Amino acid sequence: MAELTVQGGDLVLRLSWWERLVTGTAPVRAPLTAVEDVAVLREPWRVFRGFKEKGLLIPDTLCLGVWRHPGGRDFLALRRPRTGEAVVQVDLRAPSPFARIAVQSRRAPQTTAAVRAAQRTEYGTEQEPDAPEPDTPEPEPAALPGGRPGAGPLPAPVPSWRTASGAGTRVSPLPLR
């Protein structure tokens with residue numbers, strides 16, 4: 001089955017020859033800076049999003065391939081759960097070819113720990129990569145619509161069938177006969 005490893009500054013998804021043949025996908029590399037979240041899931045079928053673009057799906061037995069959804073594409077390598085197996089789910093962002101990679105493995109906790117440790121090494125800190133700096137000042141509020149900073153919001157548009165006071169007669173856009 002597919003395997004996730006960390007090589008240098010990249011997260012690498014290695015596929016066996018038959019998995020490459022079925023999915024039409026070469027080994028996938030994503031920079032560790034693209035990793036948003038890593039999690040271990042006990043229920044493999046919870047990672048599904050969208051519909052199958054290419055790959056193999058045998059209900060309740062095997063799911064291998066690329067799934068497309070409004071947020072991008074996911075790579076899934078799942079099979080019927082066996083004792084001691086879990087799913088490593090990696091959510092990715094922009095420079096990665098996939099939005100999510102989910103791989104079933106007996107070594108899921110070790111793989112997750114290795115990815116998190118590599119991220120800490122890559123960023124050189126013990127805090128999360130997206131955590132804000134504690135001394136960062138709050139950003140200035142942007143100018144509101146109307147062009148002046150601090151100006152109040154624009155009034156809501158008045159529907160065409162009401163007068164400016166909010167009461168009145170209905171004006172139909174079509175001529176009445």
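**Strands, cores and ring pairs**

Me: In what order do the strands of the open sheet run, and what is their sense of pairing?
Reply: The order is E1-E2-E3, 3 strands in an open sheet with antiparallel pairing. A strand is a DSSP run of at least two residues, a helix (H or I) a run of at least four, and both are numbered from the N terminus. E1 and E3 are the edge strands, since each pairs on one side only. From one strand to the next the twist averages 25°. That angle is taken between N-to-C directions of lines fitted to C-alpha atoms, for helices over the stretch in contact, and can run from 0 to 180 degrees.

Me: What kind of model is this?
Reply: It is a predicted model; local features need pLDDT of at least 70 and side-chain atom pairs pLDDT 80 or more, while totals for chains, interfaces and linings use all residues. Residues are numbered from 1 along each chain as its sequence is written, and side-chain values use heavy atoms, without hydrogens and water.

Me: How do you know that E1 and E2 pair?
Reply: Pairing takes at least two DSSP bridges between two strands. E1 (residues 3–7) and E2 (residues 10–14) have 5, in the antiparallel sense. So they pass. Glu 3 stands opposite Arg 14, and Gln 7 has Asp 10 as its bridge partner. The hairpin has 2 residues between the strands, and Gly 8 takes a positive phi near 65° there.

Me: What makes E2 and E3 a pair?
Reply: The same test applies: 4 bridges join E2 to E3 (residues 28–31), so the cut-off of two is met. The two strands run antiparallel. Val 12 has Arg 29 in E3 as its bridge partner.

Me: Why is Leu 78 called buried?
Reply: Buried means under 20% relative accessible area, exposed over 50%, and partly exposed in between, with a 1.4 Å probe and protein chains only. Leu 78 has 0%, so it is buried. It sits in strand E7 (residues 72–79). Contact means heavy atoms within 4.5 Å. Leaving aside neighbours within four places in sequence, Leu 78 has contacts that include Met 1, Trp 45, Phe 48, Cys 63, Val 87 and Gln 104.

Me: Is Gln 89 buried or exposed?
Reply: Gln 89 is buried, because its 11% falls under the limit. It lies in strand E8 (residues 86–92).

Me: What makes the link between the side chains of Gln 89 and Asp 91 a polar contact?
Reply: The term needs N or O atoms within 3.5 Å; within protein, one must be able to donate a hydrogen and the other to accept it, and residues adjacent in sequence count only through side-chain atoms on both sides. The Gln 89 and Asp 91 side chains are joined at 3.4 Å, so the distance fits.

Me: What makes a group of residues a nonpolar core?
Reply: The members are buried Ala, Val, Leu, Ile, Met, Phe, Trp, Tyr and Cys residues joined through side-chain atoms within 4.5 Å. The largest such core here has 24 residues; among those touching the most other members are Leu 11, Val 35, Phe 75 and Ile 101. Strands and a helix feed it: E2, E9 (100–105) and helix H2 (108–123) are among the elements that each supply at least two residues. E8 gives the most, with 4. Apart from this core lies another of 7 residues, including Cys 63, Leu 76, Leu 78 and Val 87.

Me: How many aromatic pairs are there?
Reply: There are 2. Rings of Phe, Tyr and Trp (its six-membered ring) pair with centres within 6.5 Å; planes under 30 degrees apart are stacked, over 60 edge-to-face, the rest tilted. Phe 48 and Trp 67 lie 5.6 Å centre to centre with 70° between the planes, so the pair is edge-to-face. Phe 48 is in the loop between E4 and E5 (51–58), and Trp 67 is in strand E6, 19 residues apart. Phe 48 is partly exposed at 28%, whereas Trp 67 is buried at 3%.

Me: Why is the pair of Phe 75 and Phe 98 called tilted?
Reply: The planes of Phe 75 and Phe 98 stand at 55°, between the stacked and edge-to-face limits, so the pair is tilted. The ring centres are 5.8 Å apart. Phe 75 lies in E7 and Phe 98 in the loop between E8 and E9, so the pair ties together parts 23 residues apart in sequence. Phe 75 is buried at 0%, and Phe 98 is buried at 5%.
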